[in-house]
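With the model open in your viewer, please follow the stops below in turn, selecting each group of residues before reading what is there.

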Amino acid sequence: NCSQQWNTFMCNCKFVRFKKRCYYKVCPKCGKIRVMDLFNKFIPVFKKKRIARSIYDNGLRFVTLTTKNKDSLEEAKDELYLFFKKLRNRKYWIKKVKGGVAGFHGKRGENGLWNVHFHLMVDSSYLDMKSQDVKRKKDSKLVQEWKHCTGGDGILDIRRVRSHEGALRYILNYVAGCAIELSDEDKVEFFKVTFHERLFFSFGK
């Protein structure tokens, strides 16, 4: 029923009508509005940050954090938020990462299990994501930290940021679009599980 009803306000001795929005996370119309609002809020902040031009450079970069797939979306979501909170309190993360934003994305895989992950844009120094490095014969420090937080089930990926605008839209489109891709039954579960959860948030400086 989103946009089917109207709100009416009096302004300067005249009536003004606005479409009544539901603002639900599973609503495609409200999702587009939410993306636009968040983009306008955060893009001025990120434009003040430099983009890392190489893997060894300081600046903005993408990080994706994921965990083991689960039968329950609620269990998978709660664990991911808890594990990321633990990671942000680790000395290595505090030393390397100044701050950033995180967007939650959840989807049901072909095996019927829920796959949840965070898409991050972080302002950081060099982050090593190598697993089982040939020379050291062990995971890189960041991989070790994430596996420690997740009990060994964590996977991560790091990529370069090409532009401030493109990077922020990339994360926000995942946040707004993930529920739209779901079946009607899964949308109901997603709606219930994420109703009081922030799917996009900032952290650090």
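For one of the later stops it helps to fix the residue classes: Ala, Val, Leu, Ile, Met, Phe, Trp, Tyr, Cys and Pro count as nonpolar, Asp, Glu, Lys and Arg as charged, and the others, Gly among them, as polar. Keep in mind throughout that this is a predicted model.

Begin with the sheet, which is open and consists of five strands in the order S6-S3-S5-S4-S7, with antiparallel pairing. Selecting residues 155-160 shows strand S6 and selecting 200-204 shows strand S7, the two edge strands, each of which pairs on one side only. On average, neighbouring strands of this sheet are turned by 20° against each other, direction ignored.

Next, select residues 97-108 and 114-124, that is, strands S4 and S5, which pair in the antiparallel sense over 11 bridges. Within this pairing, look for Arg108, whose bridge partner in S5 is Trp114.

Now add residues 73-88 to bring in helix H2, which packs on the sheet and touches S3 (59-66), S4, S5 and S7, while its direction makes about 25° with that of S5. Then select residues 141-150, where helix H4 lies across S3 and S6 and runs at about 140° to S6.

Finally, turn to the largest pocket, whose volume is about 210 Å³. Select Ile55, Tyr126, Leu127, Met129 and Ile158, which are the closest to its centre of the 12 residues that line this pocket. Strand S6 supplies the largest share of the lining, three residues, and by class the lining holds six nonpolar, one polar and five charged residues.

Methods:
Residues numbered from 1 in each chain as written. Predicted model: local features only at pLDDT ≥ 70, side-chain atom pairs only at ≥ 80, totals over all residues. Heavy atoms only, no water. Pairing = 2+ DSSP bridges. Helix = DSSP H or I, 4+ residues; strand = E, 2+ residues; numbered from the N terminus. Axes fitted to C-alpha atoms, helices over the stretch in contact; angles between N-to-C directions. Contact = heavy atoms within 4.5 Å. 1 Å grid on protein atoms, 1.4 Å probe; cavity = no way out; pocket = protein on both sides within 12 Å on 5 of 7 lines; lining within 4 Å. Points joined across faces, edges and corners; volume = space filled by probe spheres on them.
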